[in-house]
Amino acid sequence: QDFINALNIKKGQKVGNPEYGTTIWDHIFDPNNSDTQFNIENEISRVASSDPRLILNTVVAYPQDNGILVEVEFSISPFNNVEQLAILFDQNASRAYSA
């Protein structure tokens with residue numbers, strides 16, 4: 001849940017912690033090309049790296065009619081159980097949630 005919360009806050013909006021949050025919302029209306037997908041995947045990796053409990057395995061971004069769908073596979077320390085999460089960045093609702 002902490003990971004999803006970080007993805008719902010635009011980078012720079014958290015008082016006292018300007019590095020918290022994400023810039024993914026800046027890419028919602030960008031053209032669907034490999035550069036945009038690369039930037040989104042890198043941003044997901046950056047946000048995940050801020051949580052020492054998360055070990056990121058894979059990240060794949062796909063365009064959707066109303067936003068961006070990101071599929072993430074990660075492990076959670078200390079148990080290292082592999083989890084998969086699909087996150088929809090919904091431009092109509094202006095929020096990210098588990099799809």
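**A four-stranded sheet and the contacts around it**

Let me begin with the sheet, which is open and has 4 strands in the order E1-E2-E3-E4, with antiparallel pairing. Strand E1, residues 54–64, and strand E4 stand at the edges, and each has a single partner strand, so one side of each is left without a neighbour in the sheet. If we ignore direction, neighbouring strands of this sheet are turned by 25° against each other on average. Please keep in mind throughout that this is a predicted model.

For those who are new to sheets, a general reminder may help: the strands of a sheet pair through backbone hydrogen bonds, and they do so either parallel or antiparallel.

Now let us walk across the sheet from E1. E1 and E2 pair in the antiparallel sense over 10 bridges, and within this pairing Thr58 stands opposite Glu73 in E2. The next step takes us from strand E2, residues 67–76, to strand E3, residues 81–90, and these two run antiparallel and are joined by 10 bridges. Here Phe74 has Glu83 in E3 as its bridge partner, and I ask you to remember Phe74, since I will come back to that residue. E2 and E3 form a hairpin with 4 residues between them, and in the turn Asn80 has a positive phi of about 60°.

The last step leads from E3 to strand E4, residues 95–98, where 4 bridges join the two strands, which run antiparallel. Two of the facing positions here are Asp90, which stands opposite Arg95 in E4, and Phe89, which stands opposite Ala96 in E4. E3 and E4 also form a hairpin, again described by 4 residues between the strands, and Ser94 in its turn has a positive phi of about 55°.

What lies across the sheet strands E1, E2 and E3? The answer is helix H2, residues 34–49, which runs at about 150° to E1.

Let me turn to the aromatic rings. As a general point, a pair of aromatic rings is described by the distance of the centres and the angle of the planes. The structure holds 2 aromatic pairs. In one of them, the rings of Phe3 and Phe74 have their centres 6.5 Å apart and their planes at 55°, so this pair is tilted. Where do the two partners lie, Phe3 and Phe74? Phe3 is in helix H1, residues 2–7, while Phe74 is in strand E2, so the pair ties together parts that are 71 residues apart in sequence. Both Phe3 and Phe74 are buried.

Trp25 and Phe89 form an aromatic pair that is edge-to-face, with 5.4 Å from centre to centre and 70° between the planes. Trp25 lies in the loop between H1 and H2, whereas Phe89 belongs to strand E3, so this pair ties together parts that are 64 residues apart in sequence. Are these two residues, Trp25 and Phe89, buried or exposed? Trp25 has 13% relative accessibility and therefore counts as buried, and Phe89, at 0% relative accessibility, counts as buried too.

One further ring deserves a mention, that of Tyr20: the charged end of Lys14 sits over this ring, 4.3 Å from its centre.

Finally, we come to the charged side chains, where the structure holds 4 salt bridges. One of them is formed by Glu19 with Lys11, whose closest N and O atoms are 3.2 Å apart, and Lys11 counts as partly exposed because its relative accessibility is 32%. Another is formed by Glu43 with Arg46, with the closest N and O atoms 2.7 Å apart. Glu43 and Arg46 both lie in helix H2, the helix we met across the sheet, and they are 3 residues apart, which is about one turn of the helix. In accessibility, Glu43 counts as buried because the value is 7%, while Arg46, at 27% relative accessibility, counts as partly exposed.

The side chains of Asp51 and Arg53 also meet in a salt bridge, at 2.8 Å from N to O. Asp51 has 14% relative accessibility and so counts as buried, whereas Arg53, at 41%, counts as partly exposed. Which residues are linked in a network of salt bridges? Asp2, Asp51 and Arg53 are.

Terms used
Residues numbered from 1 in each chain as written. Predicted model: local features only at pLDDT ≥ 70, side-chain atom pairs only at ≥ 80, totals over all residues. Heavy atoms only, no water. Pairing = 2+ DSSP bridges. Axes fitted to C-alpha atoms, helices over the stretch in contact; angles between N-to-C directions. Contact = heavy atoms within 4.5 Å. Phe/Tyr/Trp six-rings, centres within 6.5 Å; stacked < 30°, edge-to-face > 60°. Buried < 20%, exposed > 50% of the residue type's maximum accessible area, 1.4 Å probe, protein only. Lys NZ or Arg CZ within 6 Å of the ring centre and 35° of its normal.
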